[in-house]
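Here's a quick tour of a structure, meant for someone who thinks at the bench. We'll start where the domains meet and then move to the ligand.

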Amino acid sequence: MRTSHLLSARRSLAGLATAAAALLALGAAPSAHAADPPLRDLAAAQGKVIGTAVTGSELTGTYGDITGREFGSLTPGNAMKWGSVEPTRGSFDWAEADQIVAFAQAHHQQVRGHTLVWHSQNPSWLTGGSWTPAQLSSLLQNHISTEVGRYQGKITGWDVVNEPFNEDGTYRSTLWYDGLGADYIASALTWAHAADPAAKLYINDYNVEGVNAKSTALYNLVKSLKARGVPIDGVGLQAHLVLGQVPATLQQNIQRFADLGVDVAITELDVRMQLPADSGKLAQQKADFKAVVGACAAVTRCAGVTVWGFTDSDSWVPSTFPGYGAATPYDESYQPKPAYYGIAEALGGSGGGGGGTAPAGGCSAAYTVTSQWNSGFTGQVRISCTGASLSSWKASWSFGAGQQLTQAWNAGCTQSGAAVTCSNISYNGTVPDGGSVTFGFNANWSGSNPVPAVSVG
Ligand code: XIL
């Protein structure tokens with residue numbers, strides 16, 4: 001039995017403690033939403049784990065309260081990278097990594113180890129050295145054995161190799177690839193497995209969320225590693241996304257990896273928008289978070305979703321993508337944004353707060369792409385009500401990437417520019433309390449096919 005199962009078995013007791021702490025904390029720290037339990041409990045009820053990247057020095061006060069209450073998994077944002085743990089050759093600094101692991105254990109949280117083999121954030125003694133292949137190989141093996149060994153039994157999953165591919169699916173030229181060839185990946189996995197046989201071993205990358213050349217290269221790699229008996233347990237889809245650009249093939253892509261016999265995790269989710277934020281962008285962001293978490297929730301082998309920082313005050317986005325920000329589920333004052341409720345809704349919570357799908361009473365709409373081909377796709381919208389009902393309805397959204405409706409069924413739809421409006425037919429205007437109505441459509445797309453936010457009126 002793996003650590004993750006043991007941890008989740010202990011969650012019911014911990015959940016009581018967490019709920020009590022949340023009640024006590026109501027006055028001090030902003031409560032997420034009175035009607036819903038914390039995200040970690042919603043996720044656990046779906047057999048999923050919701051996590052966040054953290055900075056060790058911030059784990060006190062409100063930041064610490066929210067981290068402990070809402071999340072079932074922590075990823076050190078920087079603390080376990082080679083440059084952090086061994087800034088000088090042979091001289092180690094484990095302070096922040098140890099602190100995060102201790103916090104996680106105290107709060108009955110899993111830890112995702114991030115990351116062992118990468119082209120970035122390596123110490124300068126390593127990148128500036130000149131090494132023979134044999135030296136490089138032994139440096140890497142030592143690094144992996146030392147770090148994985150130190151945290152053996154405490155890490156649920158390791159991002160063993162980070163970002164090995166170029167966009168076109170060829171291998172990225174790095175210290176490791178250039179010195180050791182593509183087999184540095186198999187070696188790293190094998191060494192990590194030897195140091196902690198129970199940890200799940202992942203390859204992690206970005207722009208591999210949808211089906212494309214890069215994710216297909218990752219798919220082929222995982223397939224060949226499995227065929228060779230190399231220990232590979234999962235793939236991490238980072239999911240650093242741009243507002244309104246959740247790939248339509250996300251769920252299909254997760255499923256194809258699952259079908260290879262590996263787990264999938266969304267490891268670094270954030271959805272950046274051009275600043276300043278406004279209510280329309282925040283509503284779209286809610287739809288984006290909901291779509292990503294919903295795609296994971298729909299696939300059994302998707303282990304869970306980690307957000308890359310839960311608050312806009314601790315996000316890498318503003319300093320990395322000038323002009324962009326507001327990419328996380330909490331604002332800079334630790335107030336939950338619509339995106340928070342998007343996550344909650346995708347995990348089966350009532351959500352409700354924060355607008356976004358503009359519920360008419362307690363009615364909201366869920367938009368999914370059910371199939372997609374080179375120039376067209378089929379979409380489905382489900383309107384559901386709880387604690388409210390409708391005798392007629394209208395669902396509207398904006399096709400922001402030039403998509404063009406061609407046909408609809410079980411609704412009358414019109415499109416004017418980007419704006420799409422669909423109304424009930426005479427026979428399906430009624431949505432009872434606790435019930436739902438579904439309609440479908442075909443449309444054309446090219447370039448990208450993001451999931452829009454749908455409002456119901
Ligand atoms: C980022 C951190 O969040 C920043 O604080 C740091 O300055 C740069 O790295 N992909 C990854 C993460 O795998 O490790 C990166 O984290 C974000 C992109």
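## Where the two domains meet

Between domain 1 and domain 2, 2 residue pairs are in polar contact, with both partners at pLDDT 80 or more. That pLDDT is there for a reason: you're looking at a predicted model. As for salt bridges between domain 1 and domain 2, the count is 0. The side of domain 1 that touches domain 2 is made up of 5 nonpolar residues, 4 polar ones and 1 charged one.

Let's step back to the layout. Domain 1 covers 39-346 of the protein chain, and domain 2 covers 362-456. Their C-alpha centres sit 33 Å apart. At the boundary, 10 residues of domain 1 are in contact with 7 residues of domain 2.

How much area do domain 1 and domain 2 bury between them? It comes to about 660 Å², and 57% of that is on carbon and sulfur atoms. If you want names on the domain 1 side, look at Gly244, Ala248 and Gln284: this trio supplies 46% of the area that domain 1 buries against domain 2, more than any other three residues.

## Around the ligand

Now for the ligand. The residues around it are Asn78, Lys81, His114, Trp118, Gln121, Asn162, Glu163, Gln238, His240, Glu268, Trp308 and Trp316. Three of these residues are worth pulling up on screen, since the table gives a distance from a side-chain N or O atom of each to an atom of the ligand.

| Residue | Ligand atom | Distance |
|---|---|---|
| Asn162 | oxygen | 2.9 Å |
| Gln238 | nitrogen | 3.3 Å |
| Trp308 | oxygen | 2.9 Å |

So what share of the ligand does the protein cover? On its own, the ligand has 420 Å² of accessible area, and the protein covers 75% of that.

## Putting it together

To recap, the contact between domain 1 and domain 2 buries about 660 Å², with 2 residue pairs in polar contact and 0 salt bridges. Over at the ligand, the side chains of Asn162, Gln238 and Trp308 are good places to begin looking.

Terms used: Residues are numbered from 1 along each chain as its sequence is written. This is a predicted model: local features need pLDDT of at least 70, side-chain atom pairs count only at pLDDT 80 or more; totals for chains, interfaces and linings use all residues. Side-chain values use heavy atoms; hydrogens and water are left out. Domain bounds come from an automatic or database domain assignment. Contact means heavy atoms within 4.5 Å. Buried area is the accessible area (1.4 Å probe) that two parts lose on being put together, summed over both. A salt bridge is a side-chain nitrogen of Lys or Arg within 4 Å of a carboxyl oxygen of Asp or Glu. A polar contact is a pair of N or O atoms within 3.5 Å; within protein, one must be able to donate a hydrogen and the other to accept it, and residues adjacent in sequence count only if both atoms are side-chain atoms. Ala, Val, Leu, Ile, Met, Phe, Trp, Tyr, Cys and Pro count as nonpolar, Asp, Glu, Lys and Arg as charged, and the others, Gly among them, as polar. A residue is near a molecule or strand if one of its heavy atoms lies within 4 Å of it. Accessible areas come from the Shrake-Rupley method with a 1.4 Å probe; for residues, only the protein chains shown count as cover.
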